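Here are a few notes to read alongside the model. I hope they help you find your way around.

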Amino acid sequence: MEEILKVNGLSKKFDDLPVLDNLSLSVKKGEVVVIVGPSGCGKSTFLRCLNGLEDIDEGEVLLGEEKVNPNKKNLSRTRERIGMVFQSYDLFPHRTILQNITLAPIKVKKRKKAEVEEEAIKLLDRVGLLSKKDSYPRQLSGGQKQRVAIVRALIMHPEVLLLDEITAALDPEMVREVLDVVLSLAKEGRTMLIVTHEMAFAKAVADRVIFLENGKIVEEGSPEEFFDNPQTDRLKRFLKTFSYEK
């Protein structure tokens with residue numbers, strides 16, 4: 001499988017405090033990589049560096065042969081290729097669900113409105129929200145808004161999809177409906193990097209799980225190796241704080 005994303009020696013500081021420390025990682029096309037770790041370990045910052053939302057102090061991020069650089073003019077094109085879904089949805093409250101989804105492909109990619117709306121309707125139907133296309137974000141539950149945010153990212157046709165704690169703000173009964181959408185994306189071969197604290201979900205969806213602490217990769221492996229046979233004492237202690245499905 002071809003390598004689609006490569007991170008070489010990535011370091012990032014906030015006010016002289018190291019957040020990411022010489023981190024290197026490669027992701028193959030169609031691979032689902034789940035990143036777990038304690039709060040403040042650099043998980044979300046890492047995702048934000050991948051699509052240029054954060055400056056990088058040292059190292060590089062390569063999407064194929066193209067370098068991701070927050071200061072370059074081609075950054076908007078890079079962000080089209082690396083989609084991101086946040087835990088806070090970030091939907092425009094004054095626009096309908098259909099308008100929220102179609103705005104970027106029409107304005108940024110200059111695609112035809114009719115073609116974009118047709119695709120948006122198909123995607124909304126897929127995630128069970130077709131009946132909400134003319135509703136406003138305030139009329140949707142948290143789980144529904146998060147599914148809309150995923151559709152909004154998908155309609156840009158990203159090569160890599162970044163998902164940052166997308167269930168963290170949801171009530172427990174809403175978590176499942178969002179995770180089911182992500183599981184279906186994994187099954188169709190989408191390349192994804194997912195930050196989550198849902199260990200059962202991580203085990204179900206990942207091709208590879210990475211444990212991050214103090215901005216470094218402490219351990220990584222297949223879900224079976226990672227959860228059933230952790231190698232480091234630190235990971236063993238971390239997993240004991242969760243009750244996850246074996």
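Where is the place of aspartate 16? Aspartate 16 sits in the loop between β1 (3-14) and β2; helices (H or I, at least four residues) and strands (E, at least two) are DSSP runs, numbered from the N terminus.

Before the points, a word on the basis. This is a predicted model, in which local features need pLDDT of at least 70 and side-chain atom pairs count only at pLDDT 80 or more, while totals for chains, interfaces and linings use all residues. Residues are numbered from 1 along each chain as its sequence is written, and side-chain values use heavy atoms, with hydrogens and water left out.

1. **Two backbone spots to look at.** Aspartate 16 has a positive phi of about 70 degrees although it is not a glycine. Aspartate 16 is exposed, with a relative accessible area of 69%; here buried means under 20% relative accessible area, exposed over 50%, and partly exposed in between (1.4 Å probe, protein chains only). Histidine 157, another residue other than glycine, also has a positive phi, near 55 degrees. Histidine 157 belongs to the loop between α5 and β7 (160-164) and is partly exposed, at 42% relative accessible area.

2. **Valine 19 in β2.** Strand β2 (residues 17-28) contains valine 19, which counts as buried because its relative accessibility is 12%. The C-alpha atoms of valine 19 and glycine 215 are separated by 5.2 Å, although the two residues are 196 residues apart along the chain. Not counting residues up to four places away in sequence, valine 19 touches Lys12, Lys13, Phe14, Cys41, Gly42, Thr45, Asn214 and Gly215; contact means heavy atoms within 4.5 Å.

3. **Two valines of β3.** Valine 36 is found in strand β3 (residues 32-36), and so is valine 33. Valine 36 is buried at 0% relative accessibility, and valine 33 is buried with a relative accessible area of 0%. From C-alpha to C-alpha, valine 36 and valine 209 are 7.4 Å apart in space and 173 residues apart in sequence. For valine 33 and glycine 221, the C-alpha separation is 9.9 Å, with their positions 188 residues apart in sequence. Leaving aside neighbours within four places in sequence, the contacts of valine 33 are Val27, Met192, Leu193, Ile194, Arg208 and Ile210; those of valine 36 include Val209, Phe226 and Phe238.

4. **The nonpolar cores.** A nonpolar core is a set of buried Ala, Val, Leu, Ile, Met, Phe, Trp, Tyr and Cys residues joined through side-chain atoms within 4.5 Å. The largest has 51 residues, of which Ile150, Val182, Met192, Ile194 and Val205 touch the most other members. Helix α6 (residues 172-187) gives the largest share of this core, nine residues. A second, separate core of 28 residues includes Phe46, Leu47, Leu75 and Ile210. Back in the largest core, isoleucine 194 is one of the members that touch the most others. Among the contacts of isoleucine 194, not counting residues up to four places away in sequence, are Val32, Val33, Val182 and Val205.

5. **Helix α6.** The 16 residues of α6 reach 23 Å from first C-alpha to last, close to the 22 Å expected at 1.5 Å a residue; the expected span is 1.5 Å times one less than the number of residues. Its buried residues include Met174, Val178, Val182 and Leu185. The buried residues of α6 pack against β3, α4, α5, β7, β8 (191-195) and α7 (199-205). Just after α6, glycine 189 takes a positive phi of about 90 degrees.

6. **Helix α4.** Its end C-alpha atoms are 20 Å apart, which agrees with the 20 Å expected for the 14 residues of α4 (residues 113-126). In α4, Val116, Glu119, Ala120, Leu123 and Leu124 are buried. They lie on the same side of α4 because they cover an arc of only 140 degrees around the axis, taken from the directions from the helix axis to the C-beta atoms. The face turned away from the buried side of α4 carries exposed Ala114 and Lys122. The buried residues of α4 pack against α3 (97-107) and α5 (142-154), and glycine 128, just after α4, has a positive phi of about 80 degrees.
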